[in-house]
Amino acid sequence: MSKLCAHFDAYYDKWHRQIGAICFLLCRHRGDANDVAFQTFLRLGGAKNPEITEDEARILLYNSAVRLCDDYYLKKMRRRPGRKKLAAQNLPFPITDALYALLCLPFRRRAALALMQFGLSQDELAQILGMRAAAVPGLTRDPAIPGWQEALESMQLTEDEALEMNDRIYTRFAERSVGVENAIHDARNAFDRALPYLAAAVCALFALAIWYVRRG
């Protein structure tokens, strides 16, 4: 059985609701969001430092959630869901005007607003979003959506979802070396992100070769 970080249960109890909310906000599909939240907590459970502190765990969780949701967003390339498609998901919360308007914002804007609402500082937001701290206020400004904070809070995991996810996490740790699995998953995502740049470089070299042959 893989070794869970020392205070996993306490960290899970403290942050599973918020992680569930931000994953749904960014994925916009409940089932996929719960899968991403599951993967996020596997990152914590398999942390390189089993004695990871609370502050370190907090940053690791939010950073992992945003990165995994970004990977999901790039791979799925899902369009913004209409109200009918959202209703078809049988969500455990109402699809209010505020919730729908929040889901319609750009990815980084949604991420920044959620991170701010959940208490992260501008420097922490900049670190997680990979941007300059001076650019953060533009993303966290008031979205002019009445009730958006309540809509975000409503997206949190239900008690049943949280219990089911916790069971899945412990089952996964009993079956596999999650630390190795996390490393492989991260390496694969890094390759997927680099692939378009590699393809562009190959095309550029090919074009340069054609130009050189014609020139000669």
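Which residue forms a salt bridge with glutamate 54? Hi everyone, let's start there. The partner is lysine 14, and the closest N and O atoms of the two are 2.4 Å apart. Glutamate 54 belongs to helix 3 and lysine 14 to helix 1, so this salt bridge ties together parts that are 40 residues apart in sequence. As for exposure, glutamate 54 is partly exposed at 37% relative accessibility, and lysine 14 is partly exposed too, at 43%. Before I go on, please keep in mind that this is a predicted model.

The structure holds five salt bridges, and I'd like to show you two others. Arginine 30 pairs with glutamate 161, with 2.6 Å between the closest N and O atoms. That one links distant parts of the chain, since arginine 30 is in helix 2 and glutamate 161 is in helix 10, 131 residues apart. Are these two buried or exposed? Both arginine 30 and glutamate 161 are buried. Next, arginine 58 meets glutamate 124 in a salt bridge, at 3.1 Å from N to O. Here the link runs from helix 3, with arginine 58, to helix 7, with glutamate 124, and the two are 66 residues apart. Arginine 58 and glutamate 124 are both buried as well.

Let me stay with arginine 30 for a moment. Its charged end also sits over the ring of phenylalanine 24, 5.8 Å from the ring centre. Arginine 168 does something of the kind with phenylalanine 38, lying over the face of that ring at 3.9 Å from its centre.

Now to helix 2 itself. Helix 2 has 16 residues and spans 22 Å from first C-alpha to last, close to the 22 Å expected. Of those 16 residues, 13 are buried, so helix 2 is largely enclosed by the rest of the structure.

On to the aromatics. How many aromatic pairs are there? The count comes to seven. One of them is tyrosine 12 with phenylalanine 41, an edge-to-face pair with 4.8 Å between centres and 65° between planes. Tyrosine 12 is in helix 1 and phenylalanine 41 in helix 2, so the pair ties together parts 29 residues apart in sequence. Tyrosine 12 is buried at 3% relative accessibility, and phenylalanine 41 is buried at 0%. For contrast, tyrosine 62 and phenylalanine 118 have their ring centres 6.3 Å apart and their planes at 25°, so that pair is stacked. Tyrosine 62 lies in helix 3 and phenylalanine 118 in the loop between helix 6 and helix 7, so this pair ties together parts 56 residues apart. Both of these residues, tyrosine 62 and phenylalanine 118, are buried. And going back to tyrosine 12 and phenylalanine 41, they form one aromatic cluster with Phe8 and Tyr170.

A quick stop at leucine 113, in helix 6. Leucine 113 is buried, with a relative accessible area of 1%. Beyond its neighbours within four places in sequence, leucine 113 is in contact with residues including Leu102, Leu139, Pro143 and Trp148. Leucine 113 and tryptophan 148 are 35 residues apart in sequence, and their C-alphas are 9.5 Å apart in space.

Last, the cysteines. How many disulfides does a search of the whole structure find? Zero. For cysteine 27, the nearest cysteine sulfur is that of cysteine 69, 3.8 Å away. A disulfide needs the sulfurs within 2.5 Å, so cysteine 27 is in no disulfide. Cysteine 27 is buried, at 4% relative accessible area, while cysteine 104 is partly exposed, at 26%. Thanks, everyone!

Technical notes. Residues numbered from 1 in each chain as written. Predicted model: local features only at pLDDT ≥ 70, side-chain atom pairs only at ≥ 80, totals over all residues. Heavy atoms only, no water. Buried < 20%, exposed > 50% of the residue type's maximum accessible area, 1.4 Å probe, protein only. Helix = DSSP H or I, 4+ residues; strand = E, 2+ residues; numbered from the N terminus. Contact = heavy atoms within 4.5 Å. Phe/Tyr/Trp six-rings, centres within 6.5 Å; stacked < 30°, edge-to-face > 60°. Lys NZ or Arg CZ within 6 Å of the ring centre and 35° of its normal. Expected span 1.5 Å × (residues − 1). Salt bridge = Lys/Arg side-chain N within 4 Å of Asp/Glu carboxyl O.
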